[in-house]
Structure formats: C-alpha cells, structure tokens
Amino acid sequence: MSLVQTKKQTSLLRHPAIYTDYYELTMAQGYYLAGRKDERACFDYFFRDNPFDGGYVVFAGLADLLELIDDFQFHEDEIQYLAEQGFRKEFLNYLRDFRLQVDIDAAKEGEIVFPSTPLLRVEGSIIETQILETLILNILNFESLIATKASRMKYAAGDKKVLDFGLRRAQGYGGIQASKAAIIGGVEATSNTYSSFVHDIPASGTMAHSWIQSFDDELTAFRKYAEFYPDDCILLVDTYSTLKSGVPNAIKVAKELEEKGHRLKGIRLDSGDLAYFARKSRQQLDEAGLDYVKIAVSNQLDEHLIKSLLTQNAPIDLFGVGTRLATGNDSPALDGVYKLASVNNEPKLKLSENVEKITLPGRKKVMRYSDSQGRFYGDGILLMENDPGNVIHHPHYPAKHVNISSYQAEPLLSTVVKNGKVQIDIPTPIESAQYAKQRLSKLNEEHKRFDNPHIYKVGISEKLMDLRDTLTQKLKEN
C-alpha cells in the first residue's frame, strides 16, 4: 500500500493535507495574511550524509508522495478542526478552495543517489511549497532509508534470496511503507500480507514455533503442515533440538513427501550459531539424499551478519530479515532536508556556523556523469540557466575540481508533477526495484563496500559556487 487512497481502496492516510507539522500551517497563514500568497518559491530536497556509514542511498518514496499530491486538498472537517485551533476565517476560506498548482522535478524512484545532491525540486506559490515540506520529508526520508538498508543486505547476500520479516518489529504503520521500500531496495518477498495485497509484491511465510508447540510432538506438526502444503513446505527445525529432532524429523517428512511425488522445499533455522547449525543440517540432509532441500535462516540478521555467515561458507540459501531492516536499526533516520532556494526568482541561501550546512541558492539542475563504460563517475549541481558546468568543484574545497566535459552526462531530475497534476505513470515497487538494480550495477564496487566506502564525487559548477559565495558575503555584511 501507500498511505493513500489506492485502486484497492485501502487508504490509511485519509487526511494528507494535515499530515504535517503545525508550523507549516502557521507559516502558510502568515504568508497569506502578509499578502504574499502569490509569491513564487522554489525548494530543494536533499540529504547530508549517507546512512549506515555507507556509500550511497536508494531513493524511494516518490510513488507514495505522488499519489498523495494527486489528491491533496483540505476537507471541511479539517477546516473545522483548524478553525477550532484559532486559524482565521479568511485563511480558512482560502484553504477551502486550495488546490496544488506546483511543479515538481525529481529523481526516479530507485535511483542511486548521494549526499548534497538535490533529488526533488518543488516550485509553486510560497504557501503550497511550504505546506508540502513535512509530507515530503516524512515519506522520502523513511522509505529511502529502508530501501538503502535492504539494498545493503541484498548486496551482502549476493545470489541468495532475502525476505522481509519486519512487520512485527516495525514502528507501527511504518511497517507498511518499510516492506514496500525493502522490495525497492532488492528484497525478493515480504511476510507483510497488507503490503503484498496493496502493492502486488510477492508474499512469503510458513510457520512459527507455536504451530509445532500446538501439537503433541514435532513430527506430527511437520506431517500435518506438509499434508496441507506439500509443494511449499519449509519446516522450522529449532523448536526443541535442531540436530537431534528438528532436522531428523524434517528428513522423515521429506522422504514421505517424495513417496507422494512432492519435495520438501526447505528447513529454517531461527536460533543458535547459524553457521554451525547450517553446516550440520546440510550434512544430515545431504547424507539422506536431500541435497535439493534449501536452508533458510533468520534471527536478528543484518548485512554484516549475512556477510559473516557467507564468509564462513555457511550453506545458507535464504535469509529472513526483520527488525534490523524495518527499523533502520543502526541508522534510525535519514537526515533529508527541504530548503528554500529562491523566492520570486531571487536566490535564497541559509548561512550556518557549520560550512557544510550552508545551502545552495537558486534554481538548479543535477547532472549525472558516467565514464566510457557507462559507470557512474560523479554528480554535478549546476544553475538551471546558462551554466555549461564543464568544471565542477568540491562544494567546500574549491581548489579540488575536475573537468567533466569528456564524460557522458544525463539529467538526474525530470518533471513528475506539472500544475499540481502527476505527469508520469507511477512506478510499482517491482518496477522501481528493477530500476534500482540496474542503476546500482553502474556504481563502482568501492562505493558499495561496508568499511570506509569511497566517497562519490558531488560537485558544484563555478557559476553556482560564485553565486553562493557572493550571497554568503552579502549576508555576512548585513
């Protein structure tokens, strides 16, 4: 699902216009009362640091955002609520007829992106561009975070399958978005039935320990499950003793299935030393002539544990990941921000004592440069108009620069909303996952490694640097 009205009528979020921080509305009323409602503004969405100490981010959440924007308006019960909060009558009358007329340019969902690069540009009246801030940050930050975590887990797993088991440990309804984002990041299926239903993504699941405990003995539980699911049977073997009863009982059931013309699909390990038990289980299965039976594992897995297990040559075929995927775990939030870049075509800049937090002014475009083999080389941030950008500079160390005129260039952002109307076919999670996989293949391996990944080049044009420095000086003089 998305948190919006979908074709399957499964909306959770019925009030997108007030799914926002209160101050967005107080500012909006302020702009209105100050007679500034028709002023034009431009905002950029970007993030400052890669999560998980990683080298990239998978951009996700755009589909949910576009669905919300397509039906964005204030309903009468929301107007009444705002009246009770003390908002003025004339502003509320304005909101009654409020319809988004914004233009939005964005990177594609599933794009591989990097810190400081504008990923979404919103242009429109100052009120509508301001009101959208929280919605944009809430959706893009979370889904990009989880898609990135999933991508890292899938990268560690290589050709082994990774499934999402995270719903029960996710932060409330965020689990619905998390499962969708995990698919975009590369996970093959989810235990989340709700997300599977509304997003048409593959569902997967077998049994819990409670199924086995509910029977008088483990073998009876296995036999009964195999009776109902003879062609999709994965048996959980660690309820009592993995090697003394679990795997031996699974072998008995596998042999009984063979006699009936079926095959046991797999066993699952959910506790203990997974590398050790996977090896011992594989040995027992192989000795019984069951080399086709797969071994799945779960239990607090993340990309580092998956990598460790495979480095130990643990014979594991499938990883079930939950808590550390759906929550982001070691990086619980992506620090995406939404910053004002211009008002009435006048470039705006935010100063900071921290030089990395000084924003980039003006309407901008982003170019992705690739080498002759089609592999990503770097991104350039240029002014929208009359900026050849043949040389890009390090944003904070201008002496570090590179001539990119010999590289292949492609614009990273394209129009997705015009005059408030969505202009593209909103991608499905599977489509976005395919795009992410294709784009990730163009990223050099040194950016994907978990330890001290190589920093991807993101530079600014000389014209943009001059504009930033001029405005900075001017603001400091004032």
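1. Two strands pair if DSSP finds at least two bridges between them. With that in hand, strand S3 (residues 103–106) is a good place to start: it runs antiparallel to strand S5 (residues 120–125), and 4 bridges join the two. Within this pairing, Asp-105 stands opposite Arg-121 in S5. Strands here are DSSP runs of E with at least two residues, helices are runs of H or I with at least four, and both are numbered from the N terminus.

2. A word on the basis of these notes. This is a predicted model, in which local features need pLDDT of at least 70 and side-chain atom pairs count only at pLDDT 80 or more, while totals for chains, interfaces and linings use all residues. Residues are numbered from 1 along each chain as its sequence is written, and side-chain values use heavy atoms, leaving out hydrogens and water.

3. Back to S3, which has a second partner: strand S19 (residues 414–418) is joined to S3 by 3 bridges, again antiparallel. Here Ile-104 stands opposite Val-417. Both faces of S3 are covered, with Asp-103 and Asp-105 buried on one side and Ile-104 and Ala-106 buried on the other. Buried means under 20% relative accessible area, exposed over 50%, and partly exposed in between, using a 1.4 Å probe and protein chains only.

4. What does the record say about domains? UniProt, in an unreviewed entry, lists "Nicotinate phosphoribosyltransferase N-terminal" at residues 19–141 and "Nicotinate phosphoribosyltransferase C-terminal" at residues 363–467. Its positions are in the numbering used here, feature names are shortened, and annotations may be inferred rather than shown by experiment. In the model, residues 19–141 are 42% helix and 18% strand, with end C-alpha atoms 15 Å apart. Residues 363–467 are 17% helix and 35% strand, and there the end C-alpha atoms are 11 Å apart.

5. Strand S14 (residues 364–370) has 6 of its 7 residues buried, so S14 is largely enclosed by the rest of the structure. S14 pairs antiparallel with strand S15 (residues 376–383) over 7 bridges, and also with strand S18 (residues 408–411), antiparallel over 4 bridges. Tyr-369 stands opposite Gly-378 in S15 and opposite Ala-409 in S18. The S14–S15 hairpin has 5 residues between the strands, and Gly-374 takes a positive phi near 80°.

6. Which residues touch the most other members of the largest nonpolar core? They are Tyr-45, Phe-74, Leu-120 and Leu-132, in a core of 126 residues. Helix H6 (residues 133–157) gives the largest share, 13 residues. A second, separate core of 6 residues includes Tyr-369, Leu-382, Ile-392 and Val-402. A nonpolar core is a set of buried Ala, Val, Leu, Ile, Met, Phe, Trp, Tyr and Cys residues joined through side-chain atoms within 4.5 Å.

7. There is also an open sheet of 6 strands, paired in parallel, in the order S7-S6-S11-S10-S9-S8. Strands S7 (189–190) and S8 (234–236) stand at the edges with a single partner strand each, so one side of each is left without a neighbour in the sheet. S8 pairs with strand S9 (residues 266–269) over 3 bridges in the parallel sense, and the bridge partner of Leu-236 in S9 is Arg-268.

8. Finally, a helix pair: H6 and helix H7 (residues 174–185) pack at about 50°, with their axes 7 Å apart. Axes are lines fitted to C-alpha atoms, for helices over the stretch in contact, and angles run from 0 to 180 degrees between N-to-C directions. H6 and H7 are therefore oblique to each other; angles under 35 degrees count as roughly parallel, over 145 as roughly antiparallel, 65 to 115 as roughly perpendicular and the rest as oblique.
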